Amino acid sequence: MNSISSDQASTRGESTLLPVPDLADGPEVSTDENGRPVLVGTECTECGVSMAGRRQICSSCGAVTVRPAGLSPDGHLYAFTIVHTGPNGPHVYGYVDLPGGARVFGTVRALGDDLRCDQAVTLQLDGDHWFFRPM
Amino acid sequence: MGEAFIVSAAMTTFGKHRDSSYAGLGVPPLVEALRSAGISRQEVGAVYCGNAYGGMLTGQRICKVIGLGGIPVVNVDNACSGGATAISEAFHAVREGRHDVVVVIGVEKLTQFGGGTLPLPPEDREVRAGIVMPAVYAMRAQRYLLETGATLHDLALVSVKSRQHGSLNPFAQMRTVTSAEEVLASRPIAEPLRLMMCCPTSDGAAVVVIVSEAVRRRISTPAVRIRASVLHSGTVAEGYRNMIAPEITRDSAREAYEMAGVGPDDMDVIELHDAFSIAELVYYEVLGIAEAGYGFELIRKGATTFGGDVVVNPSGGLLAKGHPVGASGVAQAVELFWQLTGTAGRRQVEDARLGLTHVTGGGIAGLDHGSCAVHVFEAA
């Protein structure tokens, strides 16, 4: 009883096909072998592209031969903005481009005004909350 | 493959209509559009109803009020491109000979959510991380200001133009003119975007009636020929995307121009997706009326207002007319119907013969935009 796999039995009338339980994926961060926080990701063994989150299929080449792989904790801040519409006051968000090909949207923390586009940033953990800050 | 014509168009004023349901919004323009084309309920072959937040059977809830039932009714969501997607489906249905008369409704009631930003699908990874549409466009603006010679003042000039046009449009939600200073002084929403650089929360409905050549011939009032209809989803990109050169609009527009056998410089009037003022500058470029990186020069020169090279958003656009999500794509067609039939009144674009409409629908991870629909219309 598979969801998506390469030895698909779903076309036979007596087998079953389960959906991906993606709402029970668990935490979005884990730690690498050096104990550094990394975002949970998936790497395609066919084309090498990284994607954020747990995946079963490579959205670039379509391969199902993908494996869990933490995303690089370091990247570059493509763009950011201070959002004033949330319930808890101004909050900085941005897009971070990571080596391996993933672009991640998340909270960015900086002291004062020292954020700028294309800045090198790194992933940090604060309890359960992950965010990027300038290196 | 036959042709398809818009023979009538109607819309409600856009604004905050808290006392109207989706049916309350949709019925008046439905009745008016059928009446002004001289088309009876019995002649309607199908209805396509664009809406994002209407819930189950929105089209039917509107049509049943006038006793219109039995026929195929298709409810269409493509976020902010839903209304234009409904037009595209109607266009194909008529051209293929499936129906002679198709009604397209675009409708939305955003005040059902109170105020604030559009609710986005909570299953989406970026939505869980806090993304909202103003943040997307704010980052687009930030990159545009970084990579081109544009300034924040240019973003304000777009809002000034939209309000100027809106003041001429009795259907617009925001009809008071403004100044760049006032726009820049309005409160920050997602920096660098200020409140007046963002479209308001709106309710409204718009309807067009699309017919075959045979039906058009028996209707004596002016009509509009649909010369092109293009629909695309965003290209999936897990990583880098150039936020100031969205390929979905560039590709959709290029195909629409090809389909119509025209070019961007042939357009007399354009209604484009100015949900946030940065969008207008970016879209000047990818719709081909400005060189890449130089869209801001058009707004500075007044090239896109009355008397300019091409009038962009004579209705006031999403910024001033309002943006009830599923209605906007149809409202753009309504405006172009009025423009191309010479019935736009005080905001008539002189000698308008050819026009383009453009909407995009965004809001999920991995796609710069979820959808885009581009149409080319011609006076007929």
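Helices here are DSSP runs of H or I with at least four residues, strands are runs of E with at least two, and both are numbered from the N terminus. By that rule, Ser36(B) belongs to helix α1 (residues 22-37) of chain B.

Before going on, some ground rules. This is a predicted model, in which local features need pLDDT of at least 70 and side-chain atom pairs count only at pLDDT 80 or more, while totals for chains, interfaces and linings use all residues. Residues are numbered from 1 along each chain as its sequence is written, chains are lettered from A and ligands numbered from 1 in the order in which they are written, and side-chain values use heavy atoms, with hydrogens and water left out.

**Ser36 and Arg128 of chain B**

Back to Ser36(B). Buried means under 20% relative accessible area, exposed over 50%, and partly exposed in between, with a 1.4 Å probe and protein chains only. At 28%, Ser36(B) is partly exposed. Its C-alpha sits 8.2 Å from that of Ala9(B), although the two residues are 27 apart along the chain. Leaving out residues up to four places away in sequence, Ser36(B) touches Ser8(B) and Thr221(B), where contact means heavy atoms within 4.5 Å. Its side chain also reaches the backbone oxygen of Ala33(B) at 3.5 Å. That is a polar contact, meaning a pair of N or O atoms within 3.5 Å; within protein, one must be able to donate a hydrogen and the other to accept it, and residues adjacent in sequence count only if both atoms are side-chain atoms.

Arg128(B) is in helix α4 (residues 125-128) of chain B. With residues up to four places away in sequence again left out, Arg128(B) touches Glu28(A) as well as Pro122(B) and Glu123(B). A polar atom of the Arg128(B) side chain lies 3.1 Å from the backbone oxygen of Glu123(B).

**The sheets**

Strands pair if DSSP finds at least two bridges between them. In general, strands of a sheet pair through backbone hydrogen bonds, either parallel or antiparallel.

In chain A, three strands make an open antiparallel sheet in the order β4-β3-β5. Its edge strands are β4 (50-52) and β5 (66-68), each pairing on one side only. Strand β3 (residues 41-44) pairs with β4(A) over three bridges, and Thr42(A) stands opposite Met51(A) there.

Strand β6(A) is another one to look at: seven of its ten residues are buried, so β6(A) is largely enclosed by the rest of the structure. Seven bridges join β6(A) to β7 (residues 91-97) of chain A in the antiparallel sense, and three antiparallel bridges link β6(A) with β9 (residues 120-126) of chain A. His76(A) faces Asp97(A) in β7(A) and has Ala120(A) as its bridge partner in β9(A).

Chain B has an open sheet of ten strands with mixed pairing, in the order β3-β2-β4-β7-β1-β8-β12-β11-β9-β10. At its edges stand β3 (73-76) and β10 (311-312), each with a single partner strand, so one side of each has no neighbour in the sheet. Strand β9 (residues 269-271) and β10(B) run parallel, joined by two bridges, with Ile270(B) and Val312(B) as bridge partners.

**An aromatic link between chains**

Rings of Phe, Tyr and Trp (its six-membered ring) pair if their centres lie within 6.5 Å; planes under 30 degrees apart count as stacked, over 60 as edge-to-face and the rest as tilted. The whole structure has eight aromatic pairs over all chains. One of them is the edge-to-face pair of Tyr78(A) and Tyr240(B), at 5.6 Å centre to centre and 85 degrees between the planes. Tyr78(A) lies in β6 (residues 74-83) of chain A and Tyr240(B) in the loop between β8 (224-233) and α9 (247-260) of chain B, so the pair joins two chains. Tyr78(A) is buried at 3% relative accessibility, whereas Tyr240(B) is exposed at 52%. Elsewhere, Tyr93(A), Tyr95(A) and Phe105(A) form one aromatic cluster.

**Backbone details in chain B**

A cis peptide bond, with omega about 10 degrees, joins Glu191(B) and Pro192(B). Pro192(B) lies in the loop between β5 (188-190) and β6 (193-194).

Two residues other than glycine have a positive phi:

| Residue | Phi | Loop | Relative accessible area |
|---|---|---|---|
| Asn313(B) | near 55 degrees | between β10 and α12 (317-321) | 1%, buried |
| Asp351(B) | near 55 degrees | between α13 and β11 | 65%, exposed |
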